[in-house]
Amino acid sequence: MHERSENPAVPEPPAPRPPSSTDTGSAHTAAEPPAPAEGDQPPPGPPAGGDESGTGGADAGTDADGVDEARRPRRPRPRTVLLAAVLLLLLPLLTAEAALRVNYTGAPAPGTLTRHKDALWLGHAWLDGRKSHRDVQALATRLQGTGIRDLYVHAGPLEHDGTLPASAHPRAAWLVSELHRAAPRVRVQAWLGDKLATESPDGLRLDRAATRAAILASTRQVLAAGFQGAHFDLEPLHSGDRDYLALLDDLRALTRAHHALLSVAAHQIDPLPAFHSFWGTTTGHPKWWSQAYFGQVARRVDQIAVMSYDTMQPLESLYGGYVAQQTSLALEATPESTDLLMGLPFYHENRFGHRAHAETVRGAVRGVRLGLSRTDAGRENFGVAAYVDFAATEADWRAYGRGWVSGA
């Protein structure tokens, strides 16, 4: 979830050639045979070229090597092989998609609405001078009557060595002060992130102790600026990354010492067992985490927000069923002491992995409520997180309010 910009057919084999005398070595003379005497029967001879009975002689039932064609196994045609391969690939996909559609059916349980622990990602414009006092007041008004408690304000990105230039968030102290006056119940966290060097040589390397130490120093920096927590989004982060877990252990000790929050944006969980391994082998981009690894991360933080969008689903019903599944998987892996938030797509891009007509706020909210209803309807430390403020429409806010806040 890197911050989005604000501003040839196969030919048929030839038909077999009809057998001829030269193929079988039969001796025929050019002269006409004598006519049989009256009452005599002519001796049996080879079948005509068009006779397909295969019982009249050597010409009809053998090929050029003298092999009985009736006993030769037929090779499958290339088109048949291709069709079988396509069906083998499509059958599991169609089965999985049908299961997602079923997962979107039913009614959410009563009370599966906001716990007033929701969050909103805010773009960099809030810290670089583009926003004013009037904008802060408008945001505070927008948040009234919602369940949003945490604001993740983009204060980075981190440099590839883990450092954070002070120039990246020149108005941090001003924004925190303004928001505390205008919306005193919300908590303001610094959203920090960078591209990891997991799938290319360019990026931040968590395996370097010096880089992890620099990230700790950057966290101290944003906390000193007044932020009440640090929210990390490091991508692409592969399932099982032990260096990330070690970083979280150090960050948790730091944030606790400052009475601050530690939260992370998390990858989706394997929709099928070990699916991240299969996808990583075939595409080079694992994308998903195992459920066990998700749980290891969740136990190390105060909040974990699932980036439950960019799912490659083509229909709203399939997307909603996918979100319901992800909600259930995340609930199973997250301890009750950790805030679990499911992401809502407050943006409208159309590209590979995301179709705006399918990945809707309405579909996501319904999916969240269904997953919550089936798995742990009474979970208190639970909410949704909307991505992102500068791309949101009035329709997005209405769908969030009606579906998750009021349940209308």
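Select strand E1, residues 118-122, in this predicted model. Asp118, Leu120 and Leu122 point one way from E1, while Ala119 and Trp121 point the other way. The residues on both sides are buried, and the strand is accordingly described as mostly covered, with five of its five residues buried.

Keep E1 displayed and add strand E2, residues 148-154. The two strands run parallel and are joined by five bridges. To find one position along this pairing, label Ala119, which stands opposite Asp150 in E2.

Now extend the selection to the whole barrel. Eight strands close into it, in the order E1-E2-E3-E4-E5-E6-E7-E8, with parallel pairing. On average, neighbouring strands of this sheet are turned by 25° against each other, direction ignored.

Next, isolate strand E4 (residues 229-235) and strand E5 (residues 261-266). Four bridges pair them in the parallel sense. Which residue of E5 does His231 face? His231 stands opposite Ser263.

Add helix H6, residues 209-224, which packs on the sheet. Helix H6 touches strand E3 (187-195) as well as E4, and the direction of the helix makes about 140° with that of E4. Then display helix H10, residues 316-333, another element that packs on the sheet. Strand E6 (303-306), strand E7 (339-345) and strand E8 (382-387) are touched by helix H10. The direction of H10 makes about 165° with that of E7.

Within H10, select Ser328. Is this residue buried or exposed? Ser328 is buried, its relative accessible area being 15%. Not counting residues up to four places away in sequence, Ser328 touches Gly371 and Thr375.

Move from the helix to strand E7. Seven of its seven residues are buried, so E7 is largely enclosed by the rest of the structure. Colour the two sides separately: Asp339, Leu341, Gly343 and Pro345 point one way, and Leu340, Met342 and Leu344 point the other way. Strand E6 runs parallel to E7, and four bridges join the two. Along this pairing, Ile304 stands opposite Leu340 in E7.

Ile304 and Leu340 also lead to the next selection, Phe294, which is in contact with both. Leaving aside neighbours within four places in sequence, the other contacts of Phe294 are Ala266, His267, Ile269, Trp289, Val306, Ala330, Ala333 and Thr334. Phe294 belongs to the largest nonpolar core, which has 88 residues. Trp121, Leu151, Phe227, Tyr244 and Phe294 are the residues with the most contacts inside that core. Showing these five side chains returns Trp121 of E1 to view.

Turn next to a pair of helices: H4 (residues 133-143) and H5 (residues 172-182). Their axes come within 10 Å and cross at roughly 45°. H4 and H5 are therefore oblique to each other. In terms of handedness, H4 passes H5 in a right-handed crossing. To display the contact, select His133, Val136, Gln137, Leu139 and Ala140 on H4, together with Trp174, Leu175, Glu178, Leu179 and Ala182 on H5.

The remaining stops are in loops, and concern backbone geometry. Select Gly156 and Pro157, which are joined by a cis peptide bond with omega of about 5°. Pro157 is placed in the loop between E2 and H5. A cis peptide bond also runs from Glu235 to Pro236, with omega near -10°. Look for Pro236 in the loop between E4 and helix H7 (242-257).

From H7, follow the chain into the loop that leads to E5, where His259 is found. The phi of His259 is near 55°, a positive value in a residue other than glycine. His259 counts as exposed, at 78% relative accessibility.

For the last stop, select Asp310, in the loop between E6 and H10. Asp310 is not a glycine, yet has a positive phi of about 55°. Is Asp310 buried or exposed? At 19% relative accessibility, Asp310 counts as buried, the cut-off being under 20%.

How values were computed:
Residues are numbered from 1 along each chain as its sequence is written. This is a predicted model: local features need pLDDT of at least 70, side-chain atom pairs count only at pLDDT 80 or more; totals for chains, interfaces and linings use all residues. Side-chain values use heavy atoms; hydrogens and water are left out. Two strands pair if DSSP finds at least two bridges between them. Axes are lines fitted to C-alpha atoms, for helices over the stretch in contact, and angles run from 0 to 180 degrees between N-to-C directions. Contact means heavy atoms within 4.5 Å. A nonpolar core is a set of buried Ala, Val, Leu, Ile, Met, Phe, Trp, Tyr and Cys residues joined through side-chain atoms within 4.5 Å. Buried means under 20% relative accessible area, exposed over 50%, partly exposed in between (1.4 Å probe, protein chains only). Angles under 35 degrees count as roughly parallel, over 145 as roughly antiparallel, 65 to 115 as roughly perpendicular and the rest as oblique. A crossing is left-handed if the near helix is turned anticlockwise from the far one by less than a right angle, and right-handed if clockwise.
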